[in-house]
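Reader: I would like to go through this model residue by residue. Can we keep it brisk?

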Amino acid sequence: MSCLALSLQPANGSDILLQTREWFPPSRALGALSAFRHTRHAFATSAKNPNAVPDDAYAAESIGDDPLAASSGQVIVGVESRYRIVYRLVNGIYVLGITVADHDNSVNVFECIHIVNQAVSVVVTACRGVDVTPEKLSRKYAEIYMALDIVLRGVSNIRLAAMLATLHGESIAKMVHSAVDTENKIRGADTWSAVEIHSLEQQAAIDAFSGTRFELPAETLQAGDEIAAAISPAPAPVPAENQDEAQQKPEEAAAEKDPFAASDAINKPQDLAGGFKKTKDPSATDLTLALAGLEVTTLPPPEATQSTQINVEGFEGNYGGVEFGQEQVSIGEAFEGFNDAWGGGLDPSEFVGPSKAPKPQGLGGLELLQTGPDAATKPGAAASGAGTPLDNLVTSMKGPEMYISEEISAEFRESLLARVGLMGVVYLRTLPPKTAGDKETEFSFRVEGTSAVKRFAMQSSRVSSLGNGMFHVRTAASEEPIPIIKYSLLPRLTPLPLRVRLIKRHTGSLLSVMIQYASNPDLLTPLTDVTFILKLPVDPTLLKLSPKAVLNRTEKEVRWLVSEIPLKGSPGRLRARMPVDSSEGDEEIEVVGYVKFSLQGAQSFSGVSLRPASEGKTDFYEVSHKLESGVYMCN
């Protein structure tokens with residue numbers, strides 16, 4: 001807390017710049033600057049008129065004979081809140097450093113003086129000399145503001161020299177970020193990105209060893225002791241005179257044995273056949289005894305396949321068993337779509353000609369070894385397109401790519417929306433390390449369409465904010481996409497790609513469930529391959545589904561796969577009916593439905609877009625964005 005604020009104050013005029021720390025209120029800094037200006041004016045009046053008495057008697061006593069017109073100095077200002085101001089005068093511009101005025105030497109004044117001297121170096125470099133004027137400062141105001149912000153937080157002389165060297169460079173971002181690793185490069189130290197892999201490997205090894213257990217369960221040890229006692233021969237009786245010696249020898253051997261020594265089993269040859277022992281028990285070859293422990297699932301009775309007439313409104317029809325339809329089709333009609341070549345036909349006549357291929361005349365295949373530019377092209381390859389080079393099929397990256405991956409979660413209670421949330425991640429895909437080498441990826445970009453964004457979070461080690469939706473990224477090449485920015489939307493401004501409604505009716509011992517769904521008509525493309533999952537309360541014995549679905553008895557769920565949901569039209573319906581043991585008077589049966597879908601397009605679903613920092617400049621390529629469903633449920 002040596003220096004709380006930096007300011008540029010002309011001898012005549014209002015303040016030009018004020019830079020404060022995060023915890024120091026700017027209002028107090030302005031009060032200290034006003035007190036400093038009042039002190040200067042008060043002493044100037046007393047210097048011209050010796051008989052005049054300054055308004056601030058304490059300020060007059062603290063100044064003494066110093067006219068505050070020297071090249072540097074310090075003064076204590078304020079009455080209730082007292083501050084020490086360290087100043088340097090550069091051609092009519094005061095460079096001020098504000099710190100607290102203490103009497104217990106808890107503040108290092110020399111460090112504050114050092115920060116003020118560094119600020120003077122920034123100002124003189126920005127004006128290209130000691131001829132510092134407000135007009136020159138206004139031309140380089142942005143560079144001076146960013147440089148003083150870094151100086152106020154503490155900067156080494158090496159980084160300060162690198163900043164001053166790039167002060168008149170192309171951009172502010174280059175000046176700010178170019179000196180991050182300068183000190184490490186000058187001293188020859190490794191960057192964190194180069195040695196981070198060693199730290200990760202060490203932490204992974206620690207986690208692996210800490211989670212390893214070498215103890216066997218007590219049941220395994222007990223079973224091993226029983227087997228060892230059964231197969232081991234009975235020990236021979238030991239004479240009484242040798243029992244004392246036999247007891248002493250194991251104690252000595254146990255005391256001398258190294259617990260970390262290698263086992264004797266390492267030097268023994270592997271005996272694969274020794275692990276198998278022949279048995280003379282005739283029951284071992286009896287298949288009846290071997291199959292006695294198998295459980296065979298019994299088939300349902302014939303009555304389970306009979307349909308039941310139901311007259312509940314909205315669910316009229318015949319129900320009974322797991323039945324999808326009564327239509328009977330032949331094998332040819334069922335596989336009608338596989339008769340042509342594009343449908344996966346297996347007719348060899350569509351791929352092989354009726355006659356044998358002509359055998360090439362030559363040296364028995366040696367003519368194929370000719371690979372020079374004068375090699376003759378096969379006539380069949382030119383006609384069929386088999387000679388297409390592989391390079392034309394592989395698309396290479398032209399530069400860095402960026403895309404947005406969003407995940408939306410929602411909960412519907414019948415037809416009402418209870419909760420909704422959308423989280424997006426901006427990914428950066430750099431050129432592969434084999435192509436980029438040691439060159440870092442660095443550019444600026446803009447993020448637009450953020451009116452509905454609730455919170456932004458950046459990866460500060462790779463991305464920095466320049467304000468007004470501008471960001472600057474700098475990172476090393478990577479094989480995997482790098483998440484650089486995460487954001488979430490306000491719930492009330494979050495759009496919905498799909499609305500879902502779940503209706504259930506429990507009449508007697510019959511449970512009827514219907515899921516209605518409708519797509520958002522504002523989507524650019526319709527949703528495809530949407531999966532609806534219905535969690536059943538019990539494993540059904542009889543089940544009626546409309547349309548066709550897949551029943552998973554292990555998970556007690558039913559899955560519908562809808563190939564495409566049109567943007568406009570009547571809502572779709574999925575229905576299921578099953579008998580349950582409970583009646584209307586029992587506890588309410590809970591039925592939950594889930595929806596899984598994904599969507600890709602040239603625009604993000606939330607409306608957030610990525611643009612270059614300047615028009616007409618392509619620093620990166622924007623590829624297709626993704627939208628995936630998180631916990632999208634209805635109950």
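Author: What follows is a set of short questions and answers on a predicted model.

Reader: How many helices and strands does the protein have?
Author: The protein has 635 residues, and buried residues make up 30% of them. Its secondary structure comes to 15 helices and 26 strands.

Reader: Among contacts with a separation of 6 or more, what share comes from residues 24 or more positions apart?
Author: These contacts are counted over the protein, with a separation of 6 or more. Residues 24 or more positions apart account for 68%.

Reader: How many buried residues does helix α10 have?
Author: Helix α10 runs over residues 218–231 and has 14 residues. It reaches 20 Å from its first C-alpha to its last, close to the 20 Å expected. The helix is hardly covered, and its count of buried residues is 0.

Reader: Which side chain of opposite charge is nearest to Glu-406?
Author: Glu-406 is in strand β8, residues 401–413. Glu-406 is buried, yet it has no salt bridge. A salt bridge needs the charged atoms within 4 Å. The nearest side chain of opposite charge is 12 Å away, and it is Arg-611.

Reader: With which side chain does the side chain of Glu-406 make a polar contact?
Author: Leaving aside neighbours within four places in sequence, Glu-406 is in contact with residues including Tyr-487, Phe-605, Ser-606 and Lys-626. The polar contact of its side chain is at 2.3 Å, and the partner is the side chain of Ser-606.

Reader: Which residue does a cis peptide bond join to Ser-546?
Author: Most peptide bonds are trans. Here omega is about 0 degrees. The partner lies in the loop between β18 (544–546) and β19 (550–552). It is Pro-547.

Reader: Is Asn-468 buried or exposed?
Author: Asn-468 sits in the loop between β12 (463–467) and β13 (470–475). Its phi is near 60 degrees, a positive value in a residue other than glycine. The exposed class starts over 50%. At 83% relative accessibility, Asn-468 is therefore exposed.

Reader: What is the relative accessible area of Lys-556?
Author: Lys-556 is in the loop between β19 and β20 (557–565). Its phi is near 55 degrees, again positive in a residue other than glycine. Lys-556 counts as partly exposed, and its relative accessible area is 35%.

Reader: Why is the pair of Phe-443 and Phe-445 classed as it is?
Author: The structure holds 15 aromatic pairs. In this one, the ring centres are 6.2 Å apart. The planes meet at 55 degrees, so the pair is tilted.

Reader: What is the relative accessible area of Phe-445?
Author: The cut-off for buried is under 20%. Phe-443 meets it at 5% relative accessibility, so Phe-443 is buried. Phe-445 is buried too, with a relative accessible area of 0%.

Reader: What angle lies between the planes of Phe-445 and Phe-471?
Author: Phe-445 is in strand β10 (residues 441–448) and Phe-471 in strand β13, 26 residues apart, so to speak of distant parts of the chain. Both are buried. Their centres are 5.8 Å apart, and the pair is stacked, with an angle of 25 degrees.

Reader: Which residues do ring pairs link into a cluster with Phe-443, Phe-445 and Phe-471?
Author: Phe-445 pairs with Phe-471, and Phe-443 pairs with Phe-445. Ring pairs bring further residues into this cluster. They are Phe-456, Tyr-487 and Phe-620.

Note on methods. Residues are numbered from 1 along each chain as its sequence is written. This is a predicted model: local features need pLDDT of at least 70, side-chain atom pairs count only at pLDDT 80 or more; totals for chains, interfaces and linings use all residues. Side-chain values use heavy atoms; hydrogens and water are left out. Helices (H or I, at least four residues) and strands (E, at least two) are DSSP runs, numbered from the N terminus. The expected span of a helix is 1.5 Å times one less than its number of residues. Buried means under 20% relative accessible area, exposed over 50%, partly exposed in between (1.4 Å probe, protein chains only). Lys and Arg count as positive and Asp and Glu as negative; His and the chain ends are not counted. A polar contact is a pair of N or O atoms within 3.5 Å; within protein, one must be able to donate a hydrogen and the other to accept it, and residues adjacent in sequence count only if both atoms are side-chain atoms. Contact means heavy atoms within 4.5 Å. Rings of Phe, Tyr and Trp (its six-membered ring) pair if their centres lie within 6.5 Å; planes under 30 degrees apart count as stacked, over 60 as edge-to-face and the rest as tilted.
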